[in-house]
Amino acid sequence: MPEHAEDEAKYYDDPEWADIEPIQQADQGPNPLAAIAYTDEYAEAMAYLRAVMARDEKSERVLRLTKDVIEMNPAHYTVWLYRAQVLFATHADLHKELEWLNETASQYQKNYQIWHHRQLIVSRLCPDPASSAAARGPPFPGAGIDVDSLVAKETSFVASMFDKDAKNYHVWSYRQWLVRHFGLWDKGELEFTEASIEKDVRNNSAWNHRWYVVNGKEGSEGVKEEKVREREIAFTKRQIRLAPQNQSPWNYLRGVLRKANLRFSTVQDFCVEFADLSKPEGDDVFSSHALDLLADIYAVDEGRNEQAKRCLLLLKDKYDPIRANYWQYRLEMLDREMGSGIDSHLPEHETRNLTSAVSV
C-alpha cells in the first residue's frame, strides 16, 4: 500500500489480515495516468476485498470487510452481490441482516442496491411462501420464520420509508415485489393504495401501484371484470373531483377504459363537469385533462370533429400554452384523420387514438 497511508491503515496492521496480500487497483501505481481520488481508507479496504474475492473466501471477516466498504460506498453493487454470497455460504443470521438493512436504507434512501440485496435476503428466508417447507425456512441460524410475521415486518418497514419519501421509486418497486412474491393482492394492499392516494392524491407512484394491484395478478381479469371496473371508476372520479387538474387519476381513468375495451365516451358527461364548452368563450374549464379527453371523445364521434378542434385550440391558446407545439401537432393529426376515412364508429383504442400521442 502507499507509504503515506500506512499510519492510517486499518487492515494492513491487523494480525487477522496478515495472511492476505492486498491487490491494488490497476491505476494506483507509482505514475498513474488518471487515478481516481479515493480516500486511503477506501483504497485499502478495496485492495483487501479484491484479494479475498480472488481466493473466493467466504468468512465472518469478509462480512465485516464488505460492511466496511458498503458504508464508504453504498452504491458498489459488486460488493453487495459478494456480501449476499458470503451470507449464504456462512449460514449467517439473515434476520440480523435485515435489521442492518433497515438502518442502511434509512441512511441511503435512494440507493437501488440496498433494495435488491433486501429482495435476495427475503427470498432466501422464504423462497416459496406457498409451501409449508418454506415457512420452516432454509437450514441456517435464524431462518425458521413465520411467513405472516415476515410480511408484516417488511410491509411495515416499507410504509415507514414512505413516511420519509412517498415517491421513492426503489421502495415502490420493492413493494410490488412483495405483493407478487407473497401473493398480497387481496390482503389489504388495495386499502394501502387508497390510503396513500388519499394522503397525497398527486402521488403518481401510488396510482401506479394501485394499477399493479388491480391488474397485475396472473389470471386475474382486473378491470375487465364489471364489479372491479365500476369500483375503480368510482374511486378515480372521487379523486378527480378533489383535484381536477391532477393528471394522475385522469391517466388512470383512461387506462381503465382502454383495458376494459370501453369507449372514452362512457365518461363524457363526467368530463363535461370540468370542461363545459356550452359557453362560446370556453371559460367554464377547470381541468385541461378533461379537455384533452373530450378532444379524443369528439374526434371519433361522427360529426363532432369541430368540437374536438375547439378543445385542442383551447388547450393550445389558453389552458396549456406551454405545450402549444404539441397541441398544434394534435390538431394536424386530427385533420389527417378526418381525411383518412377511418371508421369513426370504432372504439378509440381500435383507431389507435390518432389524435393523442399520450398512452396510459
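Q: Buried means under 20% relative accessible area, exposed over 50%, and partly exposed in between. Is Arg64 buried, exposed or partly exposed?
A: The model is a predicted one. Arg64 has a relative accessible area of 44%. That value falls between the limits of 20% and 50%, so Arg64 is partly exposed.

Q: Which residue forms a salt bridge with Arg64?
A: The closest N and O atoms of this bridge are 2.4 Å apart, and a salt bridge requires a distance within 4 Å. The pair links distant parts of the chain, with Arg64 in helix 2 and its partner 48 residues away in the segment before helix 1. The partner has 35% relative accessibility and therefore counts as partly exposed. The residue that bridges to Arg64 is Glu16.

Q: How far apart are the end C-alpha atoms of helix 2?
A: Helix 2 covers residues 60-72, which is 13 residues. At 1.5 Å a residue it should span 18 Å. The model agrees with this expectation, because the distance between the end C-alpha atoms is 19 Å.

Q: Which helices are included in what covers the buried residues of helix 2?
A: The buried residues of helix 2 are Arg61, Val62, Leu63, Leu65, Thr66, Asp68, Val69 and Ile70. Their cover includes three helices, at residues 40-54, 77-89 and 94-107. In that order, these are helix 1, helix 3 and helix 4.

Q: What is the distance between the closest N and O atoms in the salt bridge of Lys58 with Asp56?
A: Lys58 has a relative accessible area of 28% and is partly exposed. Asp56, at 48%, counts as partly exposed too. The salt bridge between Lys58 and Asp56 brings their closest N and O atoms to 2.4 Å.

Q: Which residue meets Asp186 in a salt bridge?
A: The bridge has an N to O distance of 3.7 Å, which is within the 4 Å limit. It links distant parts of the chain: Asp186 is in the loop between helix 8 and helix 9, and the partner is 31 residues away in the loop between helix 10 and helix 11. Asp186 counts as exposed at 68% relative accessibility, whereas the partner counts as partly exposed at 35%. The side chain that meets Asp186 is that of Lys217.

Q: Where is Arg229, and which side chain of opposite charge is nearest to it?
A: Arg229 is in helix 11, residues 226-242. Its contacts, leaving aside neighbours within four places in sequence, are Val223, Lys224, Val256, Ala260 and Leu262. Arg229 is buried yet has no salt bridge. At 5.0 Å, the nearest side chain of opposite charge lies beyond the 4 Å limit for a bridge; it belongs to Glu226.

Q: Is His117 buried or exposed?
A: His117 is in helix 5. Leaving aside neighbours within four places in sequence, it is in contact with Trp80, Arg83, Ala84, Leu87, Glu97 and Leu101. Its relative accessibility is 1%, which is under the 20% limit, so His117 counts as buried.

Q: How far apart in space are the C-alpha atoms of His117 and Tyr77?
A: In sequence, His117 and Tyr77 are 40 residues apart. In space, their C-alpha to C-alpha distance is 9.2 Å.

Q: What is the angle between the planes of Trp115 and Tyr174?
A: The whole structure holds 20 aromatic pairs. One of them is formed by Trp115 and Tyr174, which have a centre to centre distance of 5.3 Å and are tilted. The pair links distant parts of the chain, since Trp115 is in helix 5 and Tyr174 is in helix 8, 59 residues apart. The angle between their planes is 50 degrees.

Q: Which residues do ring pairs link into a cluster?
A: Trp115 counts as buried at 3% relative accessibility, and Tyr174 counts as buried at 2%. Both belong to a cluster linked by ring pairs. The members are Trp115, Phe157, Tyr174, Trp177 and Phe182.

Q: Over the face of which residue does Arg175 lie?
A: Arg175 is placed 3.6 Å from the ring centre. A charge counts as sitting over a ring within 6 Å of that centre. The ring below Arg175 is that of Phe192.

Q: How far is the charged end of Arg210 from the centre of the ring of Phe235?
A: The charged end of Arg210 sits over the ring of Phe235. Its distance from the ring centre is 3.9 Å.

Terms used:
Residues numbered from 1 in each chain as written. Predicted model: local features only at pLDDT ≥ 70, side-chain atom pairs only at ≥ 80, totals over all residues. Heavy atoms only, no water. Helix = DSSP H or I, 4+ residues; strand = E, 2+ residues; numbered from the N terminus. Buried < 20%, exposed > 50% of the residue type's maximum accessible area, 1.4 Å probe, protein only. Lys, Arg positive; Asp, Glu negative; His and termini not counted. Contact = heavy atoms within 4.5 Å. Expected span 1.5 Å × (residues − 1). Phe/Tyr/Trp six-rings, centres within 6.5 Å; stacked < 30°, edge-to-face > 60°. Lys NZ or Arg CZ within 6 Å of the ring centre and 35° of its normal.
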